[in-house]
Amino acid sequence: MELNMNTNKKITILGLGYVGLPLAVEFAKKYMVIGFDINEKRISELNNGIDKTLEVEDVHLKSVLTSNPNAETGLFITKDTSHIADSNIYIVTVPTPTDEFKRPVFTPLIKASESVGKVLKKGDIVIYESTVYPGATEDICVPILVEHSGLTFNDDFFAGYSPERINPGDKTHTVTKILKVTSGSTPEIAKVVDDLYKSIITAGTHSAPSIKVAEAAKVIENSQRDINIAFVNELSKIFRLLDIDTKAVLEAAGTKWNFINFSPGLVGGHCIGVDPYYLAQKAIESGYNPEIILAGRKMNDSMGSYVAQETVKMMIKKGARIKASNVLVLGITFKENCPDIRNSRAIDIIEEFESYEINVDVFDPWASKDEVKHEYGFDLLEQESQLKTNYDAIVLAVSHNEFLKLDLQKLKSDIGVIFDVKSLLPKNTVDARL
């Protein structure tokens, strides 16, 4: 079947989180967009013009919202699949997490594909943005679309892949200002997909020669960062034994024109801490054991417990009791100045402390107390007034701007330890930093 390139585009975006919502708002300025999500609370908040992720300013969200799903432009938000039936472009932006054994979990992607497959029509295009390993779109998602629609792939309907590059909390590199990789299941569809994104992405687009190439490009972006951070994390462990300040070493080395600057720290979040496992899984299935990728993951996953153990050693040296001592952890989100708590590795610090029967307070003004309770099972301190004094140790795990205003000397005991994981504070005010 030949696709009608001049058809008015009506877009459904499935998944209205950190990736889907900013994309939906931008598309809604030029096209009619149906925003679909299964989270009723999220839908209610968005329809009231409130984005709890803080990725879209409320005023911008309200400016595109519409109560008419048949308007020429605008964003209509719903959980009712009947509203997505007359779209001709479907963009899937659901999460792709891992399980407790670090294996890819395709459940959200499968369920979204099932929902699309049930309403898919001849001439429709389904574009995936979720990070996957090379081949997943055509090997996992497309067969589901075929099964539920009864249509023939690349004859009746088509697919595309354009990996998301959202950086949560980053107000400079927003969705339209990040160059977009695009691809399609045929050369003609590749152009349609590229032109679609080009209509809103001011930074431009790069059309990959195949869906697999686009999938591979995305998954190695985050794997590369993961491996580079793992290297400086290992350096920080070595330099700590040698009594050398890692930050000072990196600043000195950074004066060389081709030195690549990375900082040690916790590696969490929904991308860098997860995506390498997708590539590793596919490599293993293909008969290759990815040594460097998994070594990087092992190093980065070890950093939370390492920070806690080093803090305990310093507490012992200063004469502090360990069992039933009081420790303050500053930050539970996966990165600074952002409310996203997904796959935060600060939890590794907390759990390691608790294994010593230490009492742990966690303070984070950015995180949601309810979300933290649901995800990690402890009660978060949201207000500075809730903090105690005489903490035996304080660990700055996330470099929120608000933490610069805290007087940590007043919060710790006379022999208290301060470990600055992010090197946010002056060196002479802390006992250790990565």
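## Second sheet: strands 9 to 13

L330 stands opposite L396, a residue of strand 11. This is a predicted model. Strand 9 pairs with strand 11 (residues 391-396) in the parallel sense, over 4 bridges. Both belong to an open sheet of 5 strands. The strand order there is 10-9-11-12-13, and the pairing is parallel. Strand 10 and strand 13 (432-433) are the edges of this sheet, each pairing on one side only.

## First sheet: strands 1 to 6

Another open sheet has 6 strands. Its order reads 3-2-1-4-5-6, again with parallel pairing. Strand 3 (74-78) and strand 6 (158-161) are the edge strands, and each pairs on one side only. On average, neighbouring strands of this sheet are turned by 20° against each other, direction ignored.

At the strand 3 edge, the partner is strand 2 (residues 32-36). The two pair in the parallel sense over 5 bridges. I34 stands opposite F76 in strand 3.

## Salt bridges

Side chains of opposite charge can pair when their charged atoms come close. In this model the count comes to 23 salt bridges. Among them is the pair E310 and R240, whose side chains meet at 2.7 Å, N to O. E310 lies in helix 11 (residues 303-317) and R240 in helix 7, so this pair ties together parts that are 70 residues apart in sequence. The two partners differ in cover. E310 is buried, at 11% relative accessibility. R240 is partly exposed, with a relative accessible area of 28%.

K323 and E357 form another salt bridge, with their closest N and O atoms 3.6 Å apart. This pair also links distant parts of the chain, 34 residues apart. K323 sits in the loop between helix 11 and strand 9 (326-330). E357 sits in the loop between helix 12 (346-355) and strand 10 (359-363). K323 is exposed, with a relative accessible area of 57%. E357 is partly exposed, at 48%.

D340 forms a salt bridge with R342. The closest N and O atoms of that pair are 2.8 Å apart. D340 counts as buried, at 2% relative accessibility, whereas R342 is partly exposed at 30%. Elsewhere, D226, R297 and D301 are linked in a network of salt bridges.

## Backbone: positive phi

Most residues other than glycine have a negative phi, and most peptide bonds are trans. E357 has a positive phi of about 60°, although it is not a glycine. This is the salt-bridge partner of K323. Its place is the loop between helix 12 and strand 10.

N390 has a positive phi as well, of about 65°, and is not a glycine either. N390 lies in the loop between helix 13 (369-376) and strand 11. At 49% relative accessibility, N390 counts as partly exposed.

## Cysteines

How many disulfides does a search of the whole structure find? The result is 0. C271 and C338 show why. The cysteine sulfur closest to that of C271 is in C338, 11 Å away, which is too far for a bond. From the side of C338, the closest cysteine sulfur is that of C271, again at 11 Å. A disulfide needs the two sulfur atoms within 2.5 Å.

Both residues are covered by the protein. C271 counts as buried at 18% relative accessibility. That value falls under the 20% cut-off for buried residues. C338 is buried too, with a relative accessible area of 0%.

## A nonpolar surface patch

I238, L241, L242 and I244 make a nonpolar surface patch of about 410 Å². I238 is placed in helix 7 (residues 211-241). Helix 7 also holds R240, the salt-bridge partner of E310. I238 counts as partly exposed, at 38% relative accessibility. Patch residues need over 30% relative accessible area, so I238 can take part.

Terms used
Residues are numbered from 1 along each chain as its sequence is written. This is a predicted model: local features need pLDDT of at least 70, side-chain atom pairs count only at pLDDT 80 or more; totals for chains, interfaces and linings use all residues. Side-chain values use heavy atoms; hydrogens and water are left out. Patches are made of residues with over 30% relative accessible area and no salt bridge: like charges are joined within 9 Å, nonpolar side chains (Val, Leu, Ile, Met, Phe, Trp, Tyr) within 5 Å. Accessible areas come from the Shrake-Rupley method with a 1.4 Å probe; for residues, only the protein chains shown count as cover. A salt bridge is a side-chain nitrogen of Lys or Arg within 4 Å of a carboxyl oxygen of Asp or Glu. Buried means under 20% relative accessible area, exposed over 50%, partly exposed in between (1.4 Å probe, protein chains only). Two strands pair if DSSP finds at least two bridges between them. Axes are lines fitted to C-alpha atoms, for helices over the stretch in contact, and angles run from 0 to 180 degrees between N-to-C directions.
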